[in-house]
Amino acid sequence: IKTIISVWVLIYMLYVFFVPSVYGVFTDFNSSISYGINPNNLVLVYFLEIIFICILLLTFYKAPSKRISVVISKIIPSMSVKSTVNLLLFLSIIVLVLHLDKILGGLVSYGQLVKYDSSTNQEAIGGFFGVPLKFWAPISAIFMEPGKIAAALLVTMPYNSRLSMSKHKFKIYKFFALGVLIMVAIYGIAIGVRHITLGVFIIIAVAGVIHKRNKFIYMFIFGLIAMILIGPVIGSVYRVLLTQSSSSELGVVDRISILSDLKSESSENAFNKLWDEFGVRLVDARLSTGLIQFTDREGHVGLNVIANTLTAPVPRFLFSDKPAPRSYNGMHEGLAGYVVWNELTGRKWGLWGGYTAASHSWWEMSLLGVFLCAFIYGLFLRITVDSTAIKGLVGSLIVLYSINILHFDSFFMRSIPDLMMFFSRLMPLLIFIALWSKISRIKFVFSRCNKKRKGYNV
């Protein structure tokens, strides 16, 4: 796990520094000019990134976290291999149900966050299964990402004699989990969000490495090649089609068919188009200058962002007027992503602008914020790794979820408010795992009692 995190940091450095710089050299920094980025602000952003990464790595490798890790390790339950596999299967089932509700209930248009009822032009009350969205939302927030990771861990897991089940039954479990991941990948393509699809292949490869089954790395290579071939079309004409409100009437099969037709008609060089897309998308560091620009004019936002995030664990159906988490003014336009977009384009609303954890921390509390965030997050990663080291697949599930592996576009770097949001989702998951462990033990005890009773009667 430590090796995975170290490699992740290296990739992050390439993502923030090397790739955007090389792309800028070859394109004469057209995207920087089009966004009106101030070079002085960009220098500050890179300076903050260097400080952030150095402090994070120093804390991660040198922090004396053994005592804390031992305490936290006792909180995370230990389970038998069979109970763990059943847990992974159950989390995979939740992912299946959540996606079926979206797919069968009608897909959204690209950029649309929720499904709308065409007859009333109001936000739909529920999906295919009729469960109100306000109840689905917390379930999705808590279980969606862990469920995808669980499915990948199950797919790549080798058979173990301690499973107490036949190889045939275990293969059925694995094929089911694989089917769930395939459905997630297709869903990502259908709604035009490529990172959902590519994330499936990444998590399968990483899970394979954890199980020491490196052959699953080839699945990531396959997924990357597939994205090179169809990614440019998804990011251009296909996505434009999906922004039309009429696209919400199209099902998965219709959308995939349209994408296939658009791909066959496209004459653009896939590699050149993908190179351009990578260069434009890998701009979190450059877009972070929007936060620097805001700070130069308005000053640092201080603890407002953290204060507005404190109520994040409370469901909105219980606290309808709660402030928008991670917002400096309690409203959605106060979120850093929209601040970036507003500062660099002059438009109040639009796409979500990227930013780094270091620049977000500067936006909050200047250099003090950068130091605190890097230290806290480095300590969090170290404690997570140490406290889950002897917890088997449950530990691997928690670590991969903690390092934000499915959001590879921002890698695992989190600001303090982002970390607070994560804890509001991690704690219910840990409680659920603890309850699962207790129930599994009770079932095991009852099972042994029944066997003894039957043996006595005989």
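1. Helix α9 (residues 217-242) contributes 5 residues to a nonpolar surface patch, and no other element gives more. Helices here are DSSP runs of H or I with at least four residues, and strands are runs of E with at least two, both numbered from the N terminus. The patch covers about 550 Å² and is formed by Val209, Ile217, Tyr218, Ile221, Ile225 and Leu229. Patch residues have over 30% relative accessible area and no salt bridge; like charges are joined within 9 Å, and nonpolar side chains (Val, Leu, Ile, Met, Phe, Trp, Tyr) within 5 Å. Tyr218 lies in α9 and is exposed, at a relative accessible area of 62%.

2. The model is predicted: local features need pLDDT of at least 70, side-chain atom pairs count only at pLDDT 80 or more, and totals for chains, interfaces and linings use all residues. Residues are numbered from 1 along each chain as its sequence is written, and side-chain values use heavy atoms, with hydrogens and water left out.

3. The chain has 18 helices and 2 strands. Of its 458 residues, 48% are buried. Buried means under 20% relative accessible area, exposed means over 50%, and partly exposed is in between (1.4 Å probe, protein chains only). The accessible surface of the chain is about 22900 Å², and carbon and sulfur atoms account for 66% of it. These areas come from the Shrake-Rupley method with a 1.4 Å probe; for residues, only the protein chains shown count as cover.

4. Helix α15 (residues 336-345) has 8 of its 10 residues buried, so the rest of the structure largely encloses it. The buried residues are Ala336, Gly337, Tyr338, Val339, Val340, Trp341, Glu343 and Leu344. Asn342, also in α15, is partly exposed, with a relative accessible area of 32%. Its C-alpha atom is separated by 9.5 Å from that of Phe294, although the two residues are 48 apart along the chain. Just after α15, Gly346 has a positive phi of about 80°.

5. Glu364 belongs to helix α16 (residues 357-387). What is its nearest side chain of opposite charge? That is Arg326, 9.9 Å away; Glu364 is buried yet has no salt bridge. A salt bridge is a side-chain nitrogen of Lys or Arg within 4 Å of a carboxyl oxygen of Asp or Glu. For charge, Lys and Arg count as positive and Asp and Glu as negative, while His and the chain ends are not counted.

6. Leaving aside neighbours within four places in sequence, Glu364 is in contact (heavy atoms within 4.5 Å) with His300, Val301, Gly302, Val305, Ile306, Ser415 and Pro417.
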